[in-house]
Amino acid sequence: MLKVADMLVGEKGIITELCLENIPLNLLEMGCLPGNELELVQLAPLSDPLYLRIDNTFLAIRKETAAFIQITKI
Amino acid sequence: MLKSKTIKISLVGNPNTGKTSLFNVLTGLNQKVGNYPGITVDKKQGQCKLSNTVSGIVTDLPGTYSINPTSIDESIVLDTLLNNQNEDYPDVVVVVADIENLKRNLLLFTQIKDLEIPTILAINMADQMKSKGISFDKETLERELKTKIILVSARKNTGIEELKEAIISYNSSDLSPVASIAYRMDHEFFEDVKLKFKDKHSLYKSWLLITQHQSATFITDEEHKIIHEFRSDIKKIEKLQHKETVLRYSVINEILKKGYRVNRSEGTDIRAYLDKILTHKIFGYFLFTFILLAIFQSVFNLASYPMDFIDTSFAEMSSYLSSKLPSGPFSDLLSEGVIPGIGGIVIFIPQIAILFFFIAILEETGYMSRVVFLMDKVMRRFGLNGKSVIPLISGTACAVPAIMATRNINNWKERLITILVTPFTTCSARLPVYVIIIAVVIPNKMLYGVFNLQGLIMMSLYLIGFISAIIAAYVLSKFIKTNEQSFFVIEMPNYKFPSFKNVFITVIERTKAFVFGAGKIILSISIVLWFLASNGPESYKNAESLVKLQQIDELNDEEFEQQLASYKLQHSYIGILGKTIEPAIAPLGYDWKMGIAIISSFAAREVFVSTLATIYSVESDEQMTTIKERLIAEVNPTTQKRRFDLPTGMSLLIFYAFALQCAGTVAIVKRETKSWKWPLIQFVGMGIIAYITAFITYNIF
C-alpha cells in the first residue's frame with residue numbers, strides 16, 4: 001500500500017482505496033476509482049501538483065488530495 | 001407529416017472531445033452567442049440544415065465531465081436538460097464522446113440516458129481508431145447502450161450526414177435508461193424518493209433534484225420541502241453520490257468489455273516527449289516566460305499598423321464630415337461626439353483580437369493546462385490558483401472576459417481573489433492613456449545606448465500591474481476566510497495542432513463581445529460628454545457678450561475666438577464639474593481639465609484620451625495639431641510652466657495604473673460574485689490605492 005502523494009515519477013499502481021470525504025466528486029467522475037490503473041507521469045517543482053494518468057485520462061491534482069488515494073504497486 | 005420542421009438539439013460532452021469543432025461543422029458561421037438570462041454564461045446557438053425540409057437549432061452546452069455541476073457554466077447543462085419549461089429544452093441530445101476516452105465519456109452519457117430523453121451518441125475522432133489501436137464493435141455497443149451510435153470526425157468532416165439523419169429520426173430513439181442503478185444504490189431510500197415525488201419525474205431526475213437543488217431553478221415550493229427533508233442527512237447523500245459514480249463505472253466497464261478494446265501502442269506518444277520539455281522544472285518556466293514575451297511583443301508590433309490606420313481614418317472622417325455637413329449641433333454631434341467615440345472603440349480591436357488569437361492557440365494546443373500545472377504551487381502561495389494564470393494573462397487584453405474566465409476555478413476563495421486582483425493587470429484600455437502621457441512627459445531618448453526610455457517606462461507599468469495583482473492577492477488571502485476545502489483537478493489533454501477554424505471563430509466571438517459590451521458604454525459616454533461640454537447655464541449662453549465686456553484691450557478676431565472658446569468651456573456643465581473637484585485632485589498635480597477627463601473616464605479609462613481631445617478641440621478651432629502637441633503646448637496660468645510636466649505626468653500614470661475606472665468590470669464583478677459588496681470593495685480599495693500612490697509619486701518627482 002502506497003499513498004499517491006509518496007509515489008516516484010514513472011511508478012504505476014492499481015488504486016485500492018480512496019478516502020471519499022476528502023476527494024472531490026469530479027475526480028471520481030474522471031475515473032479515479034478503485035481498480036483503475038494509476039501512473040505518476042510528472043511532478044511540478046516542489047513536488048506539487050502531481051500529473052497523473054488514470055487509465056486513459058491524464059490529469060493533475062494537488063499533493064494534499066493525492067494523500068487520500070492509495071495504490072498497490074505493479 | 002409537416003412540410004418544414006425545426007428540431008431542437010443540445011450538444012453535450014466532456015471538455016476536449018471536439019464538441020465545439022462538431023458544433024462549428026454543423027452550423028458553420030450561422031452562430032449566435034447570447035447570454036443565459038441572469039448569468040453571463042455564453043449561450044452558443046446555431047442554425048443547421050438537416051435535410052431539405054428539416055432544420056435544426058443546435059445549442060452547444062458548456063463542456064462537463066458529469067451532469068453534477070462544479071461551476072456555473074456546468075450548471076447550465078443540468079438546467080437545460082431537467083427543465084422542460086426551458087426554451088432550449090431539447091428534442092434530442094447529442095452526447096459527443098471521443099474514441100480514445102470512451103469509458104470516461106460514457107459516464108456523462110449514462111447519466112443523460114437515464115433522464116429518459118432521446119439521446120444519440122456521437123463518437124468523435126473516429127479517424128484515429130486505427131492509429132490508436134482501438135477496436136470497436138458498433139452493433140454490440142448500440143444494443144448495450146440502447147442508443148444510436150454515429151462515428152464522426154469533426155476535423156475530417158466525416159459521418160456528419162449520418163449524424164444529421166439520426167437527428168431527424170430522433171423519434172425512434174429507445175428511451176429506456178441504460179444504467180438504472182438507483183435501486184442498487186439504496187433500495188429503501190429510492191423507494192422513499194419515488195413515493196414522495198409521486199412519480200412526477202423519472203427516478204433519476206428526482207435524485208438530481210435532491211443533489212443539485214441549488215442549480216435547478218424551476219423547483220416548486222412543495223418540491224423544495226421534500227428536497228429539504230431528504231437533504232437533512234447530507235453525509236448520506238454525499239455517500240450515495242460517490243456510490244452512484246462507482247456503480248456507473250462498473251456498468252460501463254461491463255458494457256465496454258463486450259465491444260471496445262484498446263491496444264495501447266508504445267512509442268507513438270508525442271505527449272510524453274513534449275511534456276518532458278514543456279513541463280520541465282526549469283525549461284518549462286523559461287519557455288513560458290519566453291512565450292509570454294513573444295506574445296506581448298507581437299501584440300504591440302502587429303497591432304500598431306492597423307491602429308495607426310484606424311486613428312488617422314477616424315480623424316479624417318471627422319474633419320471631412322464637419323467640412324461637408326452644414327454646421328450646426330447635428331454636425332458637431334457627429335464630428336465631435338459620435339465619430340471620435342466609435343473611433344475610441346475600434347482602435348482597440350487589433351490588440352484585443354491579436355491577444356485573443358494567441359490565447360485561443362494556447363488553449364487549443366493543450367499548452368494552457370501545462371501552464372496551470374506549472375504555476376499552481378507558485379500561485380497558491382499568494383492565495384491564487386494555477387488556473388488564475390489564464391485570467392491574469394487575458395486581463396492584459398480586457399478584464400471583462402478575463403473575469404469570466406475565472407469560472408473554472410472551483411475553489412470559491414481562490415476564484416474570488418482572482419476576480420478581485422485581475423483588474424490590476426494592465427488592460428488594453430490603459431494603453432492609450434499611457435501612450436499619450438508617456439509621449440508628452442518622457443523624453444524619447446536612449447538609456448545606456450540600449451534601452452529606449454519611453455519603452456522602459458511602459459514596461460515598468462506592466463510590471464507594476466502584475467506585481468500589485470500578486471501583492472493584493474496575498475493581502476486579500478489573509479483577510480478572506482473560508483472553511484471550504486480547496487480542490488484542484490485539471491485534465492491534461494492531448495497535444496493537438498490547433499484547428500484554425502476554431503481559433504478564428506473564438507477570436508471573432510470574443511472580440512465581438514468586447515466591442516458591443518464596452519462599445520455601448522464608451523459611445524454613450526462620448527455623446528454625454530459632448531453634450532455637457534457644449535451646453536451650460538446662463539453664463540455659458542451669454543458667453544459672447546460677457547467675454548466682450550471683460551475685454552479692455554482690443555483683440556483681433558482670432559484671439560477673441562480663443563478667449564471665447566476657453567470661457568465657454570469653463571462655464572459649460574462639464575467645466576463646472578471639473579472646477580468643483582479641482583481642490584480634491586490638486587494635491588495629485590491635476591487641474592480642472594484633467595479632472596473632467598478623470599471623471600469621464602471613471603466609466604472607461606480610454607475615454608481619458610478622447611475627452612482631452614474633445615476638451616481641446618472644443619477649445620481651439622485648429623484641427624491641424626495632434627492631441628500630443630496640444631498637451632505639450634498647454635501652460636499652467638499661475639506658474640507659466642508646462643501643464644503636463646514630469647510630476648503631473650507620472651502621477652497620472654500611477655493613478656491610471658491603480659484606479660478601477662471601468663463600468664464593464666464593476667458590472668461583471670457584480671454578476672460573477674452575485675453581490676454589490678465585492679465590486680464596491682474593489683472599486684473603493686483600488687481608488688484609495690490610486691489616490692495615495694499618485695500623491696506620493698507627484699511629490700517624489
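Reader: I'm looking at β5(B) in the structure above; which residues point which way from it, and are they buried or exposed?
Author: In this predicted model, B:Val92, B:Val94, B:Val96 and B:Asp98 point one way from β5(B), while B:Val93, B:Val95 and B:Ala97 point the other way, and all of them are buried.

Reader: Why do they take turns like that?
Author: Side chains in a regular strand alternate between the two faces of the sheet.

Reader: And what does the burial say about strand β5 of chain B as a whole?
Author: Seven of the seven residues of this strand, residues 92-98, are buried, so strand β5 is largely enclosed by the rest of the structure.

Reader: Which strands does β5(B) pair with?
Author: β5(B) pairs in the parallel sense with strand β1 of chain B, residues 5-13, over five bridges, and, also in the parallel sense, with strand β6 of chain B, residues 119-124, over six bridges. If you would like one residue to follow, take B:Val96, which is the bridge partner of B:Gly13 and has B:Ala122 as its bridge partner in β6(B).

Reader: What do β5(B) and β6(B) make together with helix α3?
Author: With helix α3 of chain B, residues 102-113, the two strands make a right-handed β-α-β unit.

Reader: Changing topic, how many helices and strands does chain B have?
Author: Chain B has 31 helices and 12 strands, and its C-alpha atoms fill a box of roughly 100 × 60 × 50 Å, taken along the principal axes.

Reader: What share of chain B is buried?
Author: Of the 701 residues in chain B, 43% are buried.

Note on methods. Residues are numbered from 1 along each chain as its sequence is written. Chains are lettered from A and ligands numbered from 1 in the order in which they are written. This is a predicted model: local features need pLDDT of at least 70, side-chain atom pairs count only at pLDDT 80 or more; totals for chains, interfaces and linings use all residues. A residue is buried if 20 or more other C-beta atoms lie within 10 Å of its own, exposed if 12 or fewer, and partly exposed in between; C-beta atoms are placed from the backbone. Helices (H or I, at least four residues) and strands (E, at least two) are DSSP runs, numbered from the N terminus. Two strands pair if DSSP finds at least two bridges between them. A crossover is right-handed if, with the strands pointing away from the viewer, the path from the first strand over the helix to the second runs clockwise.
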